[in-house]
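This report looks at how one helix and its surroundings are arranged in the structure shown below.

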Amino acid sequence: MSAVREAIDAADSAYGYRPSIALNSILLALFTVALIASSAQTIIYRSWWIIPLIIGLIFEVSGYAARVYATSKLERLFLKDPFLAQLVLLVIAPALFSAVNYTVLGFLVDRGGKQSSALGGHHGLFTIIFVTCDVISLV
């Protein structure tokens, strides 16, 4: 198949272009390494509040695996299942990363004193407020 015909076919796919298999493979590998390292550290240090990060990394790895699968052959670009899988997983994952950031923010406010925050209160308050906002924005 000619490169021109391949480009035209890829433009008609759900992506609107042909995603780079090399870049997506690199991202898949990096997120896999991050998942393994974060999982090991969570278990070793018993930092169970990091579990949303691990779930987010699982979503990232799964999303990029679906994207690599879809881009590895031209005819797979037109399959809806891999496209929808990567779309949903790669959109939800950053919200889980944010949940961990909000938890860390709450811990920092606890350390710095309640007066260092406009919200005051317990560190769980940050997580509740911001995660609720993330869920609303995703819906």
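Is Gln 86 buried or exposed?

## Gln 86 and its surroundings

In this predicted model, Gln 86 has a relative accessible area of 3%, and because the cut-off for a buried residue is under 20%, Gln 86 counts as buried. The residue is found in helix H4, and its side chain is joined to that of Arg 67 by a polar contact of 2.9 Å, while the side chain of Gln 86 also reaches the backbone oxygen of Phe 83 at 3.2 Å.

When neighbours within four places in sequence are left aside, Gln 86 is in contact with Tyr 15, Gly 63, Ala 66 and Arg 67. Of these partners, Gly 63, Ala 66 and Arg 67 are listed among the buried residues of H3.

## Helix H3

Helix H3 covers residues 51-71, and its 21 residues reach 30 Å from the first C-alpha to the last, close to the 30 Å expected at 1.5 Å a residue. Its buried residues, including Ile 54, Leu 57, Val 61 and Tyr 64, pack against helix H2 (21-45) and helix H4 (80-112).

## Nonpolar cores

The largest nonpolar core has 9 residues, namely Phe 31, Leu 35, Ile 54, Leu 57, Val 61, Tyr 64, Leu 90, Ala 93 and Phe 97. H2, H3 and H4 are the elements that give two or more residues to this core, and the largest share, 4 residues, comes from H3.

Ile 54, a member of this core, is in contact with Leu 35, Ser 38, Ser 39 and Thr 42 once neighbours within four places in sequence are left aside. A second, separate core of 6 residues includes Ala 10, Leu 74, Leu 77 and Phe 83.

Notes
Residues numbered from 1 in each chain as written. Predicted model: local features only at pLDDT ≥ 70, side-chain atom pairs only at ≥ 80, totals over all residues. Heavy atoms only, no water. Expected span 1.5 Å × (residues − 1). Buried < 20%, exposed > 50% of the residue type's maximum accessible area, 1.4 Å probe, protein only. Contact = heavy atoms within 4.5 Å. Core = buried A, V, L, I, M, F, W, Y, C linked by side-chain atoms within 4.5 Å. Polar contact = N/O pair within 3.5 Å; in protein donor to acceptor, adjacent residues only side chain to side chain.
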